[in-house]
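Visitor: I am new to this structure and would like a close look at a single part of it. Please take me through the aromatic rings and the helices that carry them.

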Amino acid sequence: MPGSSLVGQLRGRVVAHSLCNCFGCRHDGPALERCGCAWTHQHHRWINPTRNNKWPRLLKGSELHQTCLNELLVDFPSLLLVMNDPLWDVLSRLWDRRCPTDHLAQTLYLESGCLLPVRAPVLMRRLCACPDWRNLGCVFALLGSTSRQFKSHRHWLRTHFLNYLLLVCMTEPGCFVRQPLYELLNELYERQFFERIDDWPSDFAAFDQACQEFNRYADWLRYRGWISGWDLYASTLFQHCWPDEAWQRQNASALVGPPAPFKRSTQQAKWVEAALKGHRRDRFAMGEWPNVSDLAATERATVATGFS
């Protein structure tokens, strides 16, 4: 994948934020620079840099030199999971090669070895039950297909895709790369690499406004003890109980009055727990079937990377 590609730049940003999690530092240039320079000095004692702007440049899409990346992978193998995310193959096929993604969609499988659900709505509900960055590549592969085989999958996504994407962009690493991700997808949408998506925002300002609306409603839920912050539980809960009426969202966002006892319905709580349990069971992947040791390594890396 060419480093100048928008896909390569997006991948570089996600790798950089994953590296911030590995270093345990804030997600900003100065913090990443301090930790990166300290890491360099630890591994190369003869180098004692006080400044090196290659580290903050990573947060703007610059990619690491392969030698440095190989050394980082020794200490932080979770970065390999980010580098090998099938999302990059899907986006590169659409953006760099200008090709539909039917071939990649046909390699979709469950890591457990079970057969995929036969009916498209069932498959899509299981794939998208929890808005998780790790499934974005699979979702985009179906969205970017053109064959009749995936027509019903694309029909399902027409209605549900925007909310799913917004919620993925509320949690890590999506919250750090909202604008470049949206701009890349919007270019693909305008070039008709995707079929119609209901209510697709015409620019990033509109997309970001929708994200801020989610944030205001999240503040309301956090105020009442429903959630502690943006994580997979919160985004799954939102996907299930997000109010349909604008006046309900406006009322919920006002945050007027003192905290009041507020309980989730038993039905909602059970639905979210069931969705999360199913999501942990249904690990989707694309490409060649890995061996058992590869699956174990992937699971360990998922835990280590900080992006859940």
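To begin with one residue, is Phe-238 buried or exposed?

Guide: This is a predicted model, and what follows is a reading of its computed geometry. Phe-238 has a relative accessibility of 1%, and because buried means under 20%, Phe-238 counts as buried. The ring of Phe-238 forms an aromatic pair with Trp-230, with 4.6 Å from centre to centre and 50° between the planes, and this pair is tilted.

The count of aromatic pairs comes to 14. Another of them joins Tyr-182 and Phe-204, whose ring centres are 6.1 Å apart and whose planes stand at 50°, so that this pair, too, is tilted. Tyr-182 belongs to helix α11, which covers residues 178-190, while Phe-204 belongs to helix α12, which covers residues 204-223, and the pair therefore ties together parts that are 22 residues apart in sequence. Both Tyr-182 and Phe-204 are buried. They are also members of a cluster linked by ring pairs, in which Phe-140, Phe-161, Tyr-189, Trp-200 and Phe-207 take part as well.

From this cluster one can follow the helices outward. Helix α12 meets helix α10, residues 151-168, where the two axes come within 10 Å and cross at roughly 70°, so α10 and α12 are roughly perpendicular to each other. Their crossing is right-handed, and the residues that meet there are Leu-162, Asn-163, Leu-165, Leu-166 and Leu-167 from α10 and Phe-207, Ala-210, Cys-211 and Phe-214 from α12. Phe-207 thus appears both in this contact and in the ring cluster.

Helix α11, for its part, packs with helix α1, residues 6-23, the axes coming within 10 Å and crossing at roughly 155°, which makes α1 roughly antiparallel to α11. This crossing is left-handed, and the contact is made by Leu-6, Val-7, Leu-10 and Arg-13 on the α1 side and by Pro-180, Leu-181 and Leu-184 on the α11 side.

Val-7 leads on to one more aromatic residue, since its C-alpha atom is separated by 6.8 Å from that of Trp-88, although the two residues are 81 residues apart along the chain. Trp-88 lies in helix α6, residues 86-95, and with a relative accessibility of 2% Trp-88 counts as buried. A charged residue also meets a ring in this model, for Arg-98 lies over the face of Trp-95, at 5.6 Å from the ring centre.

How values were computed: Residues are numbered from 1 along each chain as its sequence is written. This is a predicted model: local features need pLDDT of at least 70, side-chain atom pairs count only at pLDDT 80 or more; totals for chains, interfaces and linings use all residues. Side-chain values use heavy atoms; hydrogens and water are left out. Rings of Phe, Tyr and Trp (its six-membered ring) pair if their centres lie within 6.5 Å; planes under 30 degrees apart count as stacked, over 60 as edge-to-face and the rest as tilted. Helices (H or I, at least four residues) and strands (E, at least two) are DSSP runs, numbered from the N terminus. Buried means under 20% relative accessible area, exposed over 50%, partly exposed in between (1.4 Å probe, protein chains only). A charge sits over a ring if NZ of Lys or CZ of Arg is within 6 Å of the ring centre and within 35 degrees of the ring normal. Axes are lines fitted to C-alpha atoms, for helices over the stretch in contact, and angles run from 0 to 180 degrees between N-to-C directions. Angles under 35 degrees count as roughly parallel, over 145 as roughly antiparallel, 65 to 115 as roughly perpendicular and the rest as oblique. A crossing is left-handed if the near helix is turned anticlockwise from the far one by less than a right angle, and right-handed if clockwise. Contact means heavy atoms within 4.5 Å.
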